[in-house]
Structure formats: C-alpha cells, structure tokens
Amino acid sequence: ESEIIDYDQKTGNRIKRTFSREGYGISRIIEYNPETGNPIKDVGYWDYTDIPMYIVEYDSKTGNPIRETGYWACTDLPMYIIESDPTTGNTIKTIDYKRPFILDKIIKYDIKTGEIKSIHFGNFKYTPNTDQELESCIF
C-alpha cells in the first residue's frame, strides 16, 4: 500500500493522507485540522470504486470521533451508525440495520457511565432495570 501525505504550508501540519493499493485505487483518505493536527474525517473505500465503505467524522478540537457510518457493499445505504460525545469520545448511540432500509436496533448509552439507557428493537423498546423492560413504541 502506498501513501501520499499533504502538508499545510502555514503550519507544517499534515492535512491529508491518501492510501492506495496498486490495481485497486484509493483505499482510504484521512483529513486533518491544519491548526491542531487532529483528524477531522477518515473515509475507507470499497476496492475498485470511489464508494465509501465507512466514514468517521471527528471533533476538530479534541480529535475524538463524533460519528461513524458503515455502508452496505458498494452502496450509500448505512449498515450502522455510531454517534459519540465529542468531549469524551464515549459512544452515546448506535443504530444497526439488518439490511438496507430495515432497522435492526437503536441503542442509547449514558453519556457519563457508558451504560445502556435503552434499546429499541423494531417496534419495541427495552429499558434496563425497570419494571416494564419491553414496551411497544413507534419510531
């Protein structure tokens, strides 16, 4: 795998790394904040395409991930989405799809402890440590 690194002329910090594999094209691009040097975006690509396999977005100040989206093979349809707190980097919500357009579950986490607050399965919501752990709901 080969790598090309671009630098900011003013700060000297790297602003972009491009990875490619011979015969496969670009496999990954990572962009950086020129002031802080922290990553701001990371995109991985399916072989032979310019279609993202995943995209990770970062908080430009902390460098913590704030959103990651994985895609079904060679589509722009999400397979999963992970949202995180920009200050701590802790996961606050995950969304999973069984297949394109078919929601599997949504999990929400406590921002401080990381413990699961609730899980939505299709039309049902699960709330740990409550009397009604499985209740019907509509998204």
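Trainee: In the hairpin of β2 and β3, which residue takes a positive phi?

Mentor: That's G23, with a phi near 85°. Keep in mind that we're looking at a predicted model. The hairpin of β2 and β3 has 3 residues between the strands.

Trainee: How many bridges join β2 to β3, and which way do the two strands run?

Mentor: Strand β2 covers residues 14-21 and strand β3 covers residues 25-32; they run antiparallel, with 6 bridges joining them. For a concrete pair, look at K16, which stands opposite E31 in β3.

Trainee: And what stands opposite E31 in β4?

Mentor: K41 does. Strand β4, residues 39-45, runs antiparallel to β3, and 5 bridges join the two. They form a hairpin as well, with 6 residues between them, and G37 in the turn has a positive phi of about 80°.

Trainee: Let me zoom out. How many helices and strands are there in the protein chain?

Mentor: There are 0 helices and 12 strands. Read from the N terminus, the elements go β-β-β-β-β-β-β-β-β-β-β-β.

Trainee: What share of the residues counts as buried?

Mentor: Of the 139 residues, 27% do. You can also look at contact range: among contacts with a separation of 6 or more, those between residues 24 or more positions apart make up 12%.

Trainee: Now the core. Which residues make up the largest nonpolar one?

Mentor: Start with the general idea: in soluble globular proteins, nonpolar side chains tend to be buried together. Here, the largest nonpolar core has 5 residues in all, namely I29, V43, Y45, I55 and Y71. Take V43 and leave aside its neighbours within four places in sequence: it is in contact with S27, R28, I29, P52, Y54 and I55. Two of those names, I29 and I55, you'll recognise from the core list.

Trainee: D42 comes just before V43 in the numbering. Is D42 buried or exposed?

Mentor: D42 counts as buried, because its relative accessibility is 5%. As for general ideas, in a regular strand the side chains alternate between the two faces of the sheet. D42 itself is in strand β4.

Trainee: What does the side chain of D42 meet in a salt bridge?

Mentor: R28, at 2.7 Å from N to O. That pair links distant parts of the chain, with D42 in strand β4 and R28 in strand β3, 14 residues apart. R28 counts as partly exposed, since its relative accessibility is 30%. The side chain of D42 also makes a polar contact with the side chain of Y54, at 3.4 Å. Beyond its neighbours within four places in sequence, D42 is in contact with R28, I29, I30, Y54, I55, V56 and Y58.

Trainee: How many salt bridges does a search of the whole structure find?

Mentor: It finds 6. Another one of them is R21 with D47, at 3.0 Å from N to O. R21 lies in strand β2 and D47 in the loop between β4 and β5 (52-58), so this pair ties together parts that are 26 residues apart in sequence. R21 counts as partly exposed at 32% relative accessibility, and D47 counts as partly exposed at 35%.

Trainee: Which residues do salt bridges with shared partners join into one network?

Mentor: First look at D104 and K105, whose side chains meet at 3.3 Å, N to O. Salt bridges that share partners join D96, D104 and K105 into one network. D104 is partly exposed, with a relative accessible area of 23%, and K105 is partly exposed too, at 22%.

Trainee: One last residue, D85. Where is its place, and how far away is the nearest side chain of opposite charge?

Mentor: D85 is in the loop between β7 (78-84) and β8 (91-99). The nearest side chain of opposite charge is K112, 10 Å away. A salt bridge needs a side-chain nitrogen within 4 Å of a carboxyl oxygen, and D85 has no salt bridge although it is buried.

Trainee: Then what does the side chain of D85 reach at 3.1 Å?

Mentor: The backbone nitrogen of T87. Not counting residues up to four places away in sequence, D85 touches N64, P65, N90, I92 and I111.

Terms used:
Residues numbered from 1 in each chain as written. Predicted model: local features only at pLDDT ≥ 70, side-chain atom pairs only at ≥ 80, totals over all residues. Heavy atoms only, no water. Helix = DSSP H or I, 4+ residues; strand = E, 2+ residues; numbered from the N terminus. Buried < 20%, exposed > 50% of the residue type's maximum accessible area, 1.4 Å probe, protein only. Lys, Arg positive; Asp, Glu negative; His and termini not counted. Polar contact = N/O pair within 3.5 Å; in protein donor to acceptor, adjacent residues only side chain to side chain. Contact = heavy atoms within 4.5 Å. Core = buried A, V, L, I, M, F, W, Y, C linked by side-chain atoms within 4.5 Å. Pairing = 2+ DSSP bridges.
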